Amino acid sequence: ASLATRPGGFGKAETPTSLADITHYNNFYEFGLDKSDPARLSGSFHSRPWTLRIQGAVAKPVIIDIDQLIATHQPESRIYRMRCVEAWSMVIPWDGIPLADILRQAEPLGSAKFVAFTSVLRPDELPGQRSGYGSISWPYVEGLRLDEAMNPLTLLAVGLYGETLPSQNGAPLRLVVPWKYGFKGIKSITTMTLMETMPPTSWNQLAPQEYGFYANVNPDVDHPRWSQASERVIGSGGFFGERRQPTRLFNGYGDQVAHLYAGMDLKTFF
Amino acid sequence: MASSIRWTPPGVIILTLWIAGLVPAFRSFWLGADNELGPDPVRSFEHLLGLWAFRFLLASLAITPLRLVTGYSLIRYRRTLGLLAFVYALMHVATYIALDLQFDFAILWRDLTRRPFLVFGMIAFLCLIPLAATSSQFLIRKLGRNWRRLHRIVYVALVAASAHFLMAFKTWHPEALLYVLSGSILLIIRVGYKIRSQVRQTGAKM
């Protein structure tokens, strides 16, 4: 269904990746390990009805219905670069709500320092959660520091290209943190918990030496499996037309977010 | 022996093997050039070539266990299968350097010095080079016993390629595990028969 959106302020100069590529090249291990699995196997996933719970160190814990959430905050369209830790990238026209606007509804307490996100756990609808092949322990969990969560760039996406978010892209509600690797963008969020301590994150639990809590895009900090110095641009046209471009620190969003990490050694806190 | 195979000249079978063996590469290359290989054609092509290299490596390594277990020998086709494995590995590496890295040798150097996943892959490929280079009838005869010794490197190639295959995924991948398990079974059959024949020889001597 099409969404009523308003234009947002970011990324007007970028050319978005095609809808077909954005919806058929997904890492969403709840559906399967191959990038074509989410589009193929998400047919029986129900993203309605859906509620989002905000709890923990907040003055007003809330449970919000997804359609009510969309109706009260008119989603804005924002074109963001997306850089996967596997050294490929896309440009995605999201429709979403700044996370800060949603968190404020619950009135985070002064003691809150982190936000923990929990994804959906439904083995009967998510084939990847049924068999033992994912070595991620479900549900998928992610986290942000509160100042990262409140940064104006941080978005909860509810749509793509002006349409309701497809299941394979994390319906009905997914996190988008464009200066971090894609795996930080937890999909199909059910719960956000404000915390005083750093929450666990799924990939970090699985391989702490490969995936850090921060996961900021950084060409100077290599992953043990991939060089992060450059990236393949998905959908840039055929075999011989596929582009490789240099990766930028914070995925090019340094002006908006570099101050969050002032004085931190990004090689240690990767 | 299956009579149909006996009646077909081996040369014809070998030629058919070569042509059929190269079909996956040509087909994907064609699709890729036409941008019909999905959102990430280079990576799809690269992976397909690597997968077929592993398949042909397994096929060539299956010839002896097949004879040991069933008595049925396809030994005259082993060289073709081994060479197909090498050709696919070569195309796999060439695609990685030319289409994926686009000749960025700085990244290539870092990949090969820092990333175990790619180090294992390169070891497997380097192992296959001397095997392919000494595959001619002339060199087999000339090298004699040494040829057999040299070609034991294929086991190093199998182990390195298995590590590379398993490490290419972020989590344990069932398909990769299945392939690696198949390779392990082929090795176990050989080792099993080797031990049995040694036990028999020792028994005969006593």
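Helices are taken here as DSSP runs of at least four residues in state H or I, and strands as runs of at least two residues in state E. By this definition, chain B of the predicted model contains 10 helices and zero strands. Read from the N terminus onward, the order of elements is accordingly α-α-α-α-α-α-α-α-α-α.

The UniProt record, an unreviewed entry, lists residues 12-30, 50-69, 81-99, 119-140, 152-170 and 176-193 of chain B under "transmembrane region". Two of these listed spans can be described further. Residues 50-69 of chain B are 100% helix and 0% strand, and the C-alpha atoms at the two ends of this span lie 28 Å apart. Residues 119-140 of chain B are 86% helix and likewise 0% strand, with a separation of 30 Å between the end C-alpha atoms.

With regard to the chain as a whole, the C-alpha trace of chain B spans about 60 × 40 × 35 Å along its principal axes. Chain B has 206 residues, of which 40% count as buried, a term that refers to a relative accessible area under 20%. When contacts in chain B are restricted to residues at least 6 apart in sequence, 69% of them join residues that are at least 24 apart.

The surface and the charges of the chain were also examined. Chain B exposes about 11,900 Å², and 69% of this area is supplied by carbon and sulfur atoms. The chain carries 23 positive and 8 negative charges, and the mean position of the positive charges lies 28 Å from that of the negative charges.

Conventions:
Residues numbered from 1 in each chain as written. Chains lettered and ligands numbered in written order. Predicted model: local features only at pLDDT ≥ 70, side-chain atom pairs only at ≥ 80, totals over all residues. Heavy atoms only, no water. UniProt positions renumbered as here; feature names shortened; annotations may be inferred. Buried < 20%, exposed > 50% of the residue type's maximum accessible area, 1.4 Å probe, protein only. Contact = heavy atoms within 4.5 Å. Areas by Shrake-Rupley, 256 points an atom, 1.4 Å probe, with all protein chains shown as cover. Lys, Arg positive; Asp, Glu negative; His and termini not counted. Charge placed at Lys NZ, Arg CZ, Asp CG, Glu CD.
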